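Good morning, colleagues. Thank you for the opportunity to present at this meeting; please turn to the structure on the screen.

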Amino acid sequence: NGELATTAAVASAAAEKLGYPVVMKAQSSELSHKSDAGGVVLNLNSAAEVEVAFDQMSKNIEAYAPGMNLDGVLIESMSGKGVELILGAKRDPQWGPVILIGFGGVSAEVLKDFRVLAPDLSHDAVKGEILKLKGAPLLTGFRGAQPVDLDAIADAVVRMGALMLSEARIQEIDLNPVIARPVGQGVDALDALMLVSA
């Protein structure tokens, strides 16, 4: 659930309609790493907070990339807790389409805990690969935590593989973070970037 806002007033009205807390994300085709640019604000709990965040985000983006065309900000309901993953795909010149699944959020670049998969693996094969991640215990109920919905994660990987095989114009997909919920609750992609050739 979300709404694009181009002014602080529209952003606060959207937040009131969605209900608090909300998250605000800068939207521009020129902005691939929103958090690096100060383009993501979490846990906004009032219209006043949304309006202040809107103004600050505009300043952050201008400082990060002067003159960048900002389409607006996306106001979305704040998502509940889960395990952060990254799910991506790339069309490699030598290998063709490949899929990447691993631990996401800001830790993705630091931990580098991921698997690179063929796009045509079966659901069960994908689950097996996910369980080879070093952090796999975080998905299966480490220290009494609820196990996450591995079937939903595997479904998302299989679907992304099928998409890459069926649509040659897609060069790259980056879903980060993807929140893996407890068993039966699925997964949510909180941010997405897709590169499509003409």
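I shall discuss a helix, a surface patch and a single phenylalanine in turn. Please bear in mind throughout that this is a predicted model.

I begin with helix α5, which comprises residues 150-166. Its 17 residues, at 1.5 Å a residue, should span 24 Å, and the end C-alpha atoms are indeed 24 Å apart, so the expected and modelled values agree.

Which residues of α5 are buried? They are L150, A152, I153, A154, V157, M160, G161 and M164. In considering such a list, one may recall that an α-helix has 3.6 residues a turn, so residues three or four places apart point the same way. The cover over the buried residues of α5 includes the strands β5 (83-92), β6 (96-103), β7 (114-117), β8 (170-180) and β9 (187-189), together with helix α4 (123-130).

Let me move to the surface. L163, M194 and V196 make a nonpolar patch of about 240 Å². Of these, V196 belongs to strand β10, residues 192-196. Its relative accessibility is 42%; V196 is therefore classed as partly exposed, since that class lies between 20% and 50%.

Finally, I turn to F54, in helix α2, residues 47-64. Is F54 buried or exposed? With a relative accessibility of 10%, F54 counts as buried, because the cut-off for burial is under 20%. Beyond its neighbours within four places in sequence, F54 is in contact with A5, T6, T7, A8, A11, M24 and V73. By contrast, R169 is 115 residues from F54 in sequence, with 34 Å between their C-alpha atoms.

Thank you for your attention.

Terms used: Residues are numbered from 1 along each chain as its sequence is written. This is a predicted model: local features need pLDDT of at least 70, side-chain atom pairs count only at pLDDT 80 or more; totals for chains, interfaces and linings use all residues. Side-chain values use heavy atoms; hydrogens and water are left out. Patches are made of residues with over 30% relative accessible area and no salt bridge: like charges are joined within 9 Å, nonpolar side chains (Val, Leu, Ile, Met, Phe, Trp, Tyr) within 5 Å. Accessible areas come from the Shrake-Rupley method with a 1.4 Å probe; for residues, only the protein chains shown count as cover. A salt bridge is a side-chain nitrogen of Lys or Arg within 4 Å of a carboxyl oxygen of Asp or Glu. Helices (H or I, at least four residues) and strands (E, at least two) are DSSP runs, numbered from the N terminus. Buried means under 20% relative accessible area, exposed over 50%, partly exposed in between (1.4 Å probe, protein chains only). The expected span of a helix is 1.5 Å times one less than its number of residues. Contact means heavy atoms within 4.5 Å.
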